[in-house]
Amino acid sequence: MDVTQERAEERNLPYNVFAKACPSRGTLEHVTGRWGALTLGALHEGSLRFNELRRRVDGVSEKMLSQTLHALERDGLVHREAQPTNPPRVDYELTPLGRGVAERLLALIRFVEDSMDDVLSARERYDATRGAR
């Protein structure tokens, strides 16, 4: 038994994201990937249609947003509501599980944004001593 398995057993967790075969690893990838995190953060503000969401998550392609939404919906984090109207209307919103994940992500996002002066200073020091790449 490796250290990671021992730690999971100590915590009595049925899942262990550090184990290669654990299904929680895929969900973590969906949540913490660039587009997953930004999509969850944007939907925390409320229900959005696809194009509204695409405008809010600046830089995401239609294909990537679609793939991201499918993955988050499959994981139970996003709910897709299709209205039988003409033209069709599709809204996306967070599930209760998705809201809990988004709240934690937003805390991390705020921390990163609040720390950017320190990050940029660290980058400058690094580049000055090791050369910019």
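These are my notebook entries on what I looked up in this structure, which is a predicted model.

**Entry 1: the overall layout**

I began with the protein chain as a whole. I counted seven helices and three strands in its secondary structure. Following the sequence, I wrote down the pattern α-α-α-β-α-α-β-β-α-α. The chain has 133 residues, and 26% of them count as buried. For the outside, I noted an exposed area of about 9700 Å², with 51% of it supplied by carbon and sulfur atoms. I also looked at contacts with a sequence separation of 6 or more, and found that 41% of them join residues 24 or more positions apart.

**Entry 2: the core**

Next I turned to the largest nonpolar core, which has 21 residues. Which of them touch the most other members? I listed Leu40, Leu43, Leu53, Leu69, Val78 and Tyr92. The elements that give two or more residues to this core are α3 (34-43), α4 (50-56), α5 (62-74), β3 (89-94) and α6 (96-114). Among these, α3 gives the most, with five residues.

I then picked Val78 and set aside its neighbours within four places in sequence. Its contacts include Leu40, Leu43, Leu69 and Tyr92, each of them also on my list of core residues that touch the most other members. Val78 is in contact with Leu72, Glu73, Glu93, Leu94 and Thr95 as well.

**Entry 3: helix α3**

Since α3 gives the most to the core, I wanted a better look at this helix. Is α3 mostly buried or exposed? Eight of its 10 residues are buried, so α3 is largely enclosed by the rest of the structure. I noted the buried ones by name: Trp35, Gly36, Ala37, Thr39, Leu40, Gly41, Ala42 and Leu43.

Just before α3 comes a loop that links it to α2 (24-32), and Gly33 sits there. Gly33 is partly exposed, with a relative accessible area of 24%, and the cut-off for buried is under 20%. I checked one distance here: Gly33 and Thr68 are 35 residues apart in sequence, while their C-alpha atoms are 9.2 Å apart in space.

**Entry 4: the pocket**

A look for open space came next. The largest pocket has a volume of about 300 Å³. Of its 13 lining residues, the closest to the centre are Leu38, Gly41, Arg56, Leu106 and Ile109. Helices α3 and α6 each supply at least two residues of the lining. What classes of residue make up this lining? I found six nonpolar, two polar and five charged residues. Gly41 turns up in two of my entries, being buried in α3 and also among the residues closest to the pocket centre.

**Entry 5: strand β2 and the loop after it**

I moved on to His79, which lies in strand β2 (residues 78-83). His79 is partly exposed, with a relative accessible area of 34%. Leaving out its neighbours within four places in sequence, I found His79 in contact with Asp91, Tyr92, Glu93 and Thr95. For the pair His79 and Thr95, the gap is 16 residues in sequence and 6.0 Å in space, C-alpha to C-alpha.

The loop between β2 and β3 holds Pro87. I checked the peptide bond from Asn86 to Pro87, and this bond is cis, with omega near 5 degrees.

**Entry 6: the loop ahead of β2**

My last stop was Asp75, in the loop between α5 and β2. Which residues does Asp75 contact, leaving aside its neighbours within four places in sequence? The answer is Thr27, His30 and Leu97. Asp75 and Thr27 are 48 residues apart in sequence, yet their C-alpha atoms are 6.7 Å apart in space.

Technical notes. Residues are numbered from 1 along each chain as its sequence is written. This is a predicted model: local features need pLDDT of at least 70, side-chain atom pairs count only at pLDDT 80 or more; totals for chains, interfaces and linings use all residues. Side-chain values use heavy atoms; hydrogens and water are left out. A nonpolar core is a set of buried Ala, Val, Leu, Ile, Met, Phe, Trp, Tyr and Cys residues joined through side-chain atoms within 4.5 Å. Buried means under 20% relative accessible area, exposed over 50%, partly exposed in between (1.4 Å probe, protein chains only). Helices (H or I, at least four residues) and strands (E, at least two) are DSSP runs, numbered from the N terminus. Contact means heavy atoms within 4.5 Å. On a 1 Å grid over the protein atoms alone, a cavity is a set of points where a 1.4 Å probe fits but cannot get out, and a pocket is an open set with protein on both sides within 12 Å along at least five of seven lines; lining residues have an atom within 4 Å of a point. Grid points are joined across faces, edges and corners, and a volume is the space filled by probe spheres set on the points. Ala, Val, Leu, Ile, Met, Phe, Trp, Tyr, Cys and Pro count as nonpolar, Asp, Glu, Lys and Arg as charged, and the others, Gly among them, as polar. Accessible areas come from the Shrake-Rupley method with a 1.4 Å probe; for residues, only the protein chains shown count as cover.
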